[in-house]
Amino acid sequence: DTTRQVAEIGIGFALTKDGIIAIPSALFDKGEEFAIGTRAGSYYTLTILERDVTSGIALAEAGAPLALAEKEAGATEDTAAVIVDLAKENATAGAARFTDAQFADSGKIKLGQTAIALGIFGAEPRIILGAVSGFGFAEGGTAKEKHLAVLYTTLGAESLYNGGPLLDTGGKLMGGTLFGAGQTGTAVSSDVAKTLLAKVIEGKE
């Protein structure tokens, strides 16, 4: 059977217009097959490209559009459930297209600066306002690397925007919200995603 019921496990955000997505690395421990859905109702295969255990960020790539499976007559399954067929490509949907992220200059981020988190509550997008309240560094073995800077914000630890982008008032990417055990209002600096993205692009060339 090549049909799968889609279960929502988290959110991420696009870094490039051709579909490289930043997403919490821990989400990929929750299954073996993954897809990404858009607000327009399209679904695409999702392939892991790079996982950074230290920061908790992973990069994945949106691929072929998935066809929705036809539901059998008289089926008692949840009518709201989304079923995709991994063996069929959606011929009516185009390739995944997003927008290139614009990165904020991490060296210019200041305490008290407005931080805007984007997330999903149910099926609806949400915007949550906060402020940068501190800086830290994620530990990488015995070394502390600048590109693993962590932003602390006044945002609470809400699952609705965990994994979503953290933006400045100009819409530039400051980081990705990422909460571990006992953490509240933390975001991994966009420098992490930028470094991982450079590594992925180098590997493709």
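In this predicted model, the backbone nitrogen of lysine 172 lies 2.8 Å from a polar side-chain atom of aspartate 168. Aspartate 168 is buried yet takes part in no salt bridge. The protein has one helix and 13 strands, and the points below place aspartate 168 and several other residues within that arrangement.

**Overall architecture**
- Read from the N terminus, the order of elements is β-β-β-β-β-β-β-β-β-β-β-β-β-α.
- The protein has 205 residues, of which 41% are buried.
- Among contacts with a separation of 6 or more, 54% are between residues 24 or more positions apart.
- The accessible surface amounts to about 11,600 Å², and carbon and sulfur atoms contribute 51% of it.

**Aspartate 168**
- Aspartate 168 sits in the loop that runs between strand 11 (165-167) and strand 12 (173-177).
- The nearest side chain of opposite charge belongs to lysine 172, at 6.3 Å; a salt bridge requires a side-chain nitrogen within 4 Å of a carboxyl oxygen, so this pair does not qualify.
- Lysine 172 does approach aspartate 168 through its backbone nitrogen, at 2.8 Å from a polar atom of the aspartate side chain.
- Leaving aside neighbours within four places in sequence, aspartate 168 is in contact with Ala104, Gln113, Thr114, Ile116 and Met174.

**Buried positions in strands 9 and 10**
- Leucine 151 belongs to strand 10 (residues 143-153) and counts as buried because its relative accessibility is 4%.
- Not counting residues up to four places away in sequence, leucine 151 touches Ile109, Gly134, Phe135, Leu166, Met174, Gly185, Thr186 and Ala187.
- Met174 thus appears among the contacts of leucine 151 and also among those of aspartate 168.
- The C-alpha atoms of leucine 151 and serine 189 are separated by 6.3 Å, although the two residues are 38 residues apart along the chain.
- Glycine 136, in strand 9 (residues 124-140), is buried, with a relative accessible area of 11%.
- Between the C-alpha atoms of glycine 136 and valine 188, which are 52 residues apart along the chain, the separation is 9.5 Å.

**Nonpolar surface patch**
- Leu118, Ile127 and Leu129 form a nonpolar patch on the surface, and together they have about 310 Å² of accessible area.
- Isoleucine 127 is located in strand 9; its relative accessibility of 63% is why it counts as exposed.
- Strand 9 therefore holds both buried glycine 136 and exposed isoleucine 127.

**Salt bridges and the surroundings of strand 5**
- The structure contains two salt bridges.
- One of them joins arginine 51 to aspartate 29, with the closest N and O atoms 3.2 Å apart.
- This pair links distant parts of the chain, 22 residues apart: arginine 51 is in strand 5 (residues 43-52), and aspartate 29 is in the loop between strand 3 and strand 4.
- Arginine 51 is partly exposed, at a relative accessible area of 34%, whereas aspartate 29 is exposed, at 58% relative accessibility.
- A salt bridge also forms between the side chains of glutamate 50 and lysine 199, at 3.1 Å from N to O.
- Because glutamate 50 lies in strand 5 and lysine 199 in helix 1 (residues 190-204), the pair ties together parts 149 residues apart in sequence.
- Lysine 199 is partly exposed, with a relative accessible area of 49%.
- Serine 25, in the loop between strand 3 (20-24) and strand 4 (35-37), is buried, with a relative accessible area of 6%.
- Its contacts, not counting residues up to four places away in sequence, are Arg51, Gly56, Ile57 and Ala58.

Methods:
Residues are numbered from 1 along each chain as its sequence is written. This is a predicted model: local features need pLDDT of at least 70, side-chain atom pairs count only at pLDDT 80 or more; totals for chains, interfaces and linings use all residues. Side-chain values use heavy atoms; hydrogens and water are left out. Helices (H or I, at least four residues) and strands (E, at least two) are DSSP runs, numbered from the N terminus. Buried means under 20% relative accessible area, exposed over 50%, partly exposed in between (1.4 Å probe, protein chains only). Lys and Arg count as positive and Asp and Glu as negative; His and the chain ends are not counted. A polar contact is a pair of N or O atoms within 3.5 Å; within protein, one must be able to donate a hydrogen and the other to accept it, and residues adjacent in sequence count only if both atoms are side-chain atoms. Contact means heavy atoms within 4.5 Å. Patches are made of residues with over 30% relative accessible area and no salt bridge: like charges are joined within 9 Å, nonpolar side chains (Val, Leu, Ile, Met, Phe, Trp, Tyr) within 5 Å. Accessible areas come from the Shrake-Rupley method with a 1.4 Å probe; for residues, only the protein chains shown count as cover.
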